[in-house]
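Biologist: I am new to this structure. What must be found before we say that two strands pair?

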Amino acid sequence: MTGKAPLVVVGDALLDRDLTGHADRLAPDAPVPVVADCAERVRPGGAALAAYLAARDGRDVTLITALDDGPAGRELRRLLDPFLTVVPLPMSGEVPQKTRVLAQGRPVVRLDHGAGHAREATDEARAALAAASAVLVSDYGRGAADTLRAELHGRPPEVWDPHPRGGPPVAGTRLVTPARAEAHGFAAALPADRNRGGGDAPRSDLRAVAHEACALVRHWRVAAVTVTLGARGALLSYGEHPLLVPVSAAHHGDPCGAGDRFAATAAGQLADGVLVGEAVEGAVTAATAFVGAGGAAGLLGPPRAAGTAPSADDPDDPAGLVAKVRATGGTVVAAGGCFDLLHAGHVGLLQAARRIGDCLVVCVNSDASVRRRKGEGRPVNPLADRVRVLRALACVGAVAVFDEDTPERLLAELRPDVWVKGGDYAGAELPEAALLDEWGGQAVLLPYLDGRSSTALMARAAEGAR
């Protein structure tokens, strides 16, 4: 339905719990903070979080993981069942639980419980893996990937997110995604001749990361390794000449779950057919937005206070953005167009539209839709480029694509409170106006800068070329 490729996630599911309160004094019997008025939020963790995030992206997701029938296992099933398919593996012990206690939004202590481990593969799991068009291994060192290692050797994953306690990725994996500390630990454990990489000892931290990533590519015999660097972005290595992908904006929010967001995005984009470098760029953008929006703690918690907007939005999830803003009582604004050659008129319109409400979703015509409206030779810029430019605007919360001549089907799904068009349209030329009436929305025109249009820009460019 969304046009996104399905994904099979193999890995170890955890149940994560946050107890969030405030601390303004120390306990009388020990020099430790007293965290008062704790609110509890429970969410999927580990491979279950990666699978859940991929499903929120609009994919059909199957999670192969070990589960028991205890309280934690039942709670995980309750959280996951509405969004994805779970193929359970037999488990020794209980589903692991990780409980964080936070004061003023910052972790004070983490309590771990449960040492469950995947016991063996099943025919159902083997069949799901054999039928997979794309695979993400989210290894948390508790055996799920190891039980299916023989099958994974025959069907190397798109992405392997490794863990120090887990086994190495299988040869042929397209992309391995260790964090900085993990990459350093893996590289340090290599034989000396492998770790040297044929050069002198690294003199800088970035050079050390490149050196270690290069060694891991060769030792693991994988296509690429990308080392995630937090606020610095990610370094991608194919074995030489690394690519550094910086973040678009630095956020200082809760990074919990950012690695899962990174791996799920990269795996999904590779499944959709993009190149590895483009998938890493998309994953950096998604992980950055995820941290800015509160990280994993913001996924399933209670709504924000009325009248507040999310601190950051996922540009790949317009429906999720709309739901978040609507849950806070905010106003959802949508605007639409081809946006073939983005110019000052477009920017002014979108900035004004964003000021009307609490978020702005831009509905953009697909390439085929533009061609039907504008004729052969249009669009000048393909859809991926137009979407990327729109997402770069601070006023744009999310971008949604429609293939029809008008966005009525998309609007019926999003149900915005306000629909905006430029003032060069007459009221009679807004077929969406009647549709907005169905749910109490309003279509409005905003003033448009005179003399600015993609067609005029193209004509001036052609005249200049002559």
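Modeller: A strand is a DSSP run of E of at least two residues, a helix is a run of H or I of at least four, and both are numbered from the N terminus. Two strands pair if DSSP finds between them at least two bridges.

Biologist: What kind of model is this?

Modeller: Residues are numbered from 1 along each chain as its sequence is written, and side-chain values use heavy atoms, leaving out hydrogens and water. Local features need pLDDT of at least 70, side-chain atom pairs count only at pLDDT 80 or more, totals for chains, interfaces and linings use all residues, and the model is predicted.

Biologist: How many helices and strands does the protein chain have?

Modeller: The chain has 466 residues. Its secondary structure comes to 17 helices and 20 strands.

Biologist: What share of the residues is buried?

Modeller: Relative accessible area decides, taken with a 1.4 Å probe on protein chains only: under 20% is buried, over 50% is exposed, and partly exposed lies in between. Of the 466 residues in the protein chain, the buried share is 50%.

Biologist: What share of the contacts joins residues 24 or more positions apart?

Modeller: A contact means heavy atoms within 4.5 Å. Take the contacts in the protein chain with a separation of 6 or more. Residues 24 or more positions apart account for 64%.

Biologist: In what sense do β7 and β8 pair?

Modeller: In general, strands of a sheet pair through backbone hydrogen bonds, either parallel or antiparallel. β7 and β8 are joined by seven bridges. In one place, Gln97 stands opposite His113 in β8. The sense of the β7 and β8 pairing is antiparallel.

Biologist: Which residue in the turn between β7 and β8 has a positive phi?

Modeller: The two strands form a hairpin, with two residues between them. The phi in question is about 50°. The residue is Gln104.

Biologist: Is β7 enclosed or open, and why?

Modeller: One side of β7 carries Gln97, Thr99, Val101 and Ala103, all buried. The other side carries Lys98, Arg100 and Leu102, buried as well. Seven of the seven residues of β7 are buried, so with respect to the rest of the structure the strand is largely enclosed.

Biologist: How do β2 and β7 run?

Modeller: Seven bridges join the two strands. Asp18 stands opposite Arg100 in β7, and Gly21 has Ala103 as its bridge partner there. β2 and β7 run parallel.

Biologist: What is the strand order of the open sheet of four strands?

Modeller: The pairing in this sheet is mixed. Its edge strands, which pair on one side only, are β3 and β8 (106-113). The twist averages 20° from one strand to the next; axes here are lines fitted to C-alpha atoms, for helices over the stretch in contact, and angles run from 0 to 180 degrees between N-to-C directions. The order is β3-β2-β7-β8.

Biologist: What angle does helix α1 make with β3?

Modeller: Helix α1 covers residues 47-56 and packs on this sheet. Two strands, β2 and β3, are touched by α1. The angle between the directions of α1 and β3 is about 80°.

Biologist: Which strands are the edges of the open sheet of five strands?

Modeller: This sheet has parallel pairing and the order β18-β17-β16-β19-β20. An edge strand pairs on one side only. The edges are β18 (398-402) and β20 (442-446).

Biologist: How much does the twist in that sheet average?

Modeller: Again, the twist is taken from one strand to the next. In the sheet of five strands, it averages 30°.

Biologist: Which residue in β19 stands opposite Ala334?

Modeller: Strand β16 (residues 332-337) runs parallel to strand β19 (residues 418-422). Three bridges join them. Opposite Ala334 stands Trp419.

Biologist: Which strands does helix α12 touch?

Modeller: Helix α12 spans residues 344-356 and packs on the sheet. Its direction makes about 160° with that of β19. The strands touched by α12 are β16, β17 (359-365), β19 and β20.

Biologist: And which strands does helix α14 touch?

Modeller: Helix α14, residues 383-391, packs on the sheet too. Its direction makes about 165° with that of β17. The strands touched by α14 are β17 and β18.
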